[in-house]
Amino acid sequence: MQITSHTFKRNASRALHDEKLQRALTNVPTGFVDKRAKARDRLPEFDLLRDEGAAIKNHTLAHLDLYLEAYERKVHESGGHVHWAPTAEDARRIIVELCTERGAKLVTKGKSMVSEEIGLNAALEATGVTPIETDLGEYIIQLRGETPSHIIAPAIHLTKDQIEADFRRVHTDLPADRIITDAPELVAEARAVLRQRYVEADIGITGANFLIAETGTSITVTNEGNGDLTQSLPKVHIVIASIEKMVPTLEDVSTILRVLARSATGQEFSSYTTFSTGPRREGDPDGPEEYHVVILDNGRSGILGTEFQDMLRCIRCGACLNHCPVYQAVGGHAYGWVYSGPMGAVLTPSLVGVDKAGQLPNASTFCGRCEEVCPMRIPLPRMMRSWREREFERHLSPATTRAGIKAWAWLASRPKLYGMVTGLAARALRLLGGRGGRLRRLPLASGWTQYRDFPAPEGRTFREQWKERQRG
């Protein structure tokens, strides 16, 4: 997948002028934000579970090497195989070899952001293996040749009209007079096509929400049941997961699962939570004959021990995206890589470099909503601020930005002069705002006033008002 994070500003501008995208994004607040709030309110111990979940992940990350080794032993004991992939290239090579050595022509895939991260579909297609995405959202964007725009709702950037048009374009046997304008009809159409693919598949590939060191188990959480069919019908099941998906015990994961679905979709629990431990055993009615787990590093071990380690607590629920005003305005594709929103603004520079993704941490108002809703209590604004500092220190930010920050720093280090200049500016802006108290154009902030009015200051600075209050 080509990274375009360095052109975020251009991508965002294009997204703001995309009428269909803007219409589709109106579903984010009602579809996710409101439902999460109701689900949180129904669980009095929700915040306590967040604390416990964050503590579990912190403990795991502090002893990650030991838990990874324990997990590998348990997978071997259950008859499976673990493959270590230091890089994305290693992970692609391992999975492609597993497929080609078994003569696979068709593989079904459960939703996996890690497989997007390593560009797995393109690698499989290059060797003559056809990958079929089975998550409905992933299936839709595969038909369109697109990438996911959200980590749990890959096709949230599309309207029902667009999806119907894609089905009619690709499903050539679909009668012209058959109505598929509503969501249930679209789901039924996709399900009918995918059922046959499950039966034909030689290998099933899934991601994993969690890996359990205690038992060597991988866990997938879905609402469509596609993960179950993908891993149980083919003769071979391959799991692709990154190192931070590790959790010590089943008891630990039960704590995190209680906040995952509530934070993601506002459900008390996902429709399907599938535990997979090794290949089928004698007497099992179904299941794969081979079970392989590919564990990806791809730069994550380099995050351990740094100021960005907390990011590895992320459980990919998407809550920070759903509550982010920037994401709600531009959608996921503007971020230019697999991970979007606040979590992407931290994780992407960590994995591909701040030189390629330095614009992403700047796409934040620091309103703090992402940290407020994160079930793992990840301090996303603090880490975005750290990436901004790294970008500045490495002279990667534009010259005009650097000059502006230096001028502000010079002024802010001289309190008397700072107070005089900001006091004059506040009064001047109040006059410019007129009776309505709004500014339609603001020098040096045209990017803001191009799309909305700017509220004019009331005339006195915060420092002036604070001093006045102190005097009583």
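The legends below accompany an overview and several close-up views of a predicted model of one protein chain.

**Figure 1. The whole chain, with its 23 helices and 12 strands.** Along its principal axes the C-alpha trace of this predicted model spans about 80 × 60 × 45 Å. A compact globule of 472 residues would have a radius of gyration near 23 Å, and the chain has 25 Å, which agrees with that expectation. Half of the picture is interior in the sense used here, since 50% of the 472 residues count as buried. Among contacts between residues at least 6 apart in sequence, 73% join residues that are at least 24 apart.

**Figure 2. An open sheet of four strands, in the order 8-5-6-9.** The pairing in this sheet is mixed, and its edges are formed by strand 8 (246-247) and strand 9 (272-276), each of which pairs on one side only. Strand 5, made of residues 210-212, pairs with strand 8 in the parallel sense over two bridges, and here isoleucine 212 stands opposite valine 247 of strand 8. Helix 13 (residues 250-264) lies across strand 5, strand 6 (217-222), strand 8 and strand 9, and runs at about 165° to strand 5.

**Figure 3. Strand 2 (residues 106-109), covered on both faces.** Leu106 and Thr108 on one side, and Val107 and Lys109 on the other, are all buried. Strand 2 runs parallel to strand 3 (residues 130-133), to which four bridges join it, and it also pairs in the parallel sense with strand 4 (residues 203-206), over three bridges. Valine 107 can be followed in both pairings, as it stands opposite proline 131 in strand 3 and has isoleucine 203 as its bridge partner in strand 4.

**Figure 4. The largest nonpolar core, with 105 residues.** In soluble globular proteins, nonpolar side chains tend to be buried together. In this core the residues with the most contacts inside it are Tyr71, Phe210 and Tyr339, while helix 6 (residues 88-101) gives the most to the core, with seven residues. A second, separate core has 16 residues, among them Leu106, Ile140, Leu143 and Phe167.

**Figure 5. Tyrosine 339 and the residues that it touches.** Which residues does tyrosine 339 touch, not counting residues up to four places away in sequence? They are Met113, Val114, Glu117, Ile151, Arg300, Arg316, Gly344, Leu347, Thr348 and Leu351.

**Figure 6. Helix 19 (residues 380-393) and the helices around its buried residues.** At 1.5 Å a residue, the 14 residues of this helix should span 20 Å, and its end C-alpha atoms are indeed 20 Å apart, which agrees. Leu380, Pro381, Met383, Met384, Ser386, Trp387 and Glu391 are buried, and the buried residues of helix 19 pack against helix 14 (319-322), helix 16 (341-352), helix 17 (354-357) and helix 18 (369-373). Just after the helix, histidine 395 takes a positive phi of about 60°.

**Figure 7. Glutamate 69 in helix 5 (residues 64-77).** Is glutamate 69 buried or partly exposed? Its relative accessibility is 44%, so it counts as partly exposed, because that class lies between the limit of under 20% for buried residues and over 50% for exposed ones. Glutamate 69 and lysine 406 are 337 residues apart in sequence, and from C-alpha to C-alpha they are 49 Å apart in space.

How values were computed
Residues numbered from 1 in each chain as written. Predicted model: local features only at pLDDT ≥ 70, side-chain atom pairs only at ≥ 80, totals over all residues. Heavy atoms only, no water. Pairing = 2+ DSSP bridges. Contact = heavy atoms within 4.5 Å. Axes fitted to C-alpha atoms, helices over the stretch in contact; angles between N-to-C directions. Core = buried A, V, L, I, M, F, W, Y, C linked by side-chain atoms within 4.5 Å. Buried < 20%, exposed > 50% of the residue type's maximum accessible area, 1.4 Å probe, protein only. Expected span 1.5 Å × (residues − 1). Rg over C-alpha atoms; globule rule 2.2 N^0.38 Å.
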